[in-house]
Amino acid sequence: MENISLGQIAGVITFLGIFIGAITWMITFFKSSVAKIFKPVDEKIARIERASMESRNNIELELIKVILVNFINDIESGSNKSGIQKKNAYELYDRYQKLGGNSYIHDCWEKLIKEGKV
């Protein structure tokens, strides 16, 4: 320990600084290279996920529409619905509107509300 000079300590510190800097540069370089390689893959996955979500929403919208049409038809035919069935129909109608559904269902629903049937 007594034979270590300040020059040797400075040399070790310089070496460690250069070594850490080189490792940091290599990590940054490889990270950006990998990101460039996988960017098209990530974009394609994002497009597939968006398309899948739109497809699921369209399927859900159509299913809710069928359920609401049957509910409205039953009400118009004089069938009595329980309170819980009406609450369920309201929830489905709200979801239907959030998904973008607003067609003849809306007109029929408003008519039933004005008549006090739902």
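The largest nonpolar core in this predicted model is made up of 15 residues, and Leu68, Tyr96 and Trp109 have the most contacts inside it. Three helices, α1 (6–76), α2 (83–98) and α3 (104–114), each put in two or more residues. The biggest share comes from α1, which supplies six. Leu68 gives a good idea of how things are put together here: leaving aside residues up to four places away in sequence, Leu68 touches Ala89, Leu92, Tyr93, Tyr96, Ile105 and Trp109. Nonpolar side chains do tend to be buried together in soluble globular proteins.

Turning to charged pairs, the whole structure holds five salt bridges. One of them joins the side chains of Arg95 and Glu60, at 2.9 Å from N to O. Arg95 belongs to helix α2 and Glu60 to helix α1, so this pair ties together parts that sit 35 residues apart in sequence. Both partners are partly exposed, Arg95 with a relative accessible area of 32% and Glu60 at 28%.

A more local pairing turns up between Glu62 and Lys65, whose closest N and O atoms are 3.7 Å apart. These two are three residues apart in helix α1, so about one helical turn separates them. Glu62 is partly exposed as well, at 41% relative accessible area.

Then there is Lys81, whose side chain meets that of Asp74 in a salt bridge of 2.9 Å, N to O. Lys81 has 18% relative accessibility and so counts as buried, the cut-off being under 20%. Asp74, at 29%, counts as partly exposed.

Conventions:
Residues are numbered from 1 along each chain as its sequence is written. This is a predicted model: local features need pLDDT of at least 70, side-chain atom pairs count only at pLDDT 80 or more; totals for chains, interfaces and linings use all residues. Side-chain values use heavy atoms; hydrogens and water are left out. A nonpolar core is a set of buried Ala, Val, Leu, Ile, Met, Phe, Trp, Tyr and Cys residues joined through side-chain atoms within 4.5 Å. Buried means under 20% relative accessible area, exposed over 50%, partly exposed in between (1.4 Å probe, protein chains only). Helices (H or I, at least four residues) and strands (E, at least two) are DSSP runs, numbered from the N terminus. Contact means heavy atoms within 4.5 Å. A salt bridge is a side-chain nitrogen of Lys or Arg within 4 Å of a carboxyl oxygen of Asp or Glu.
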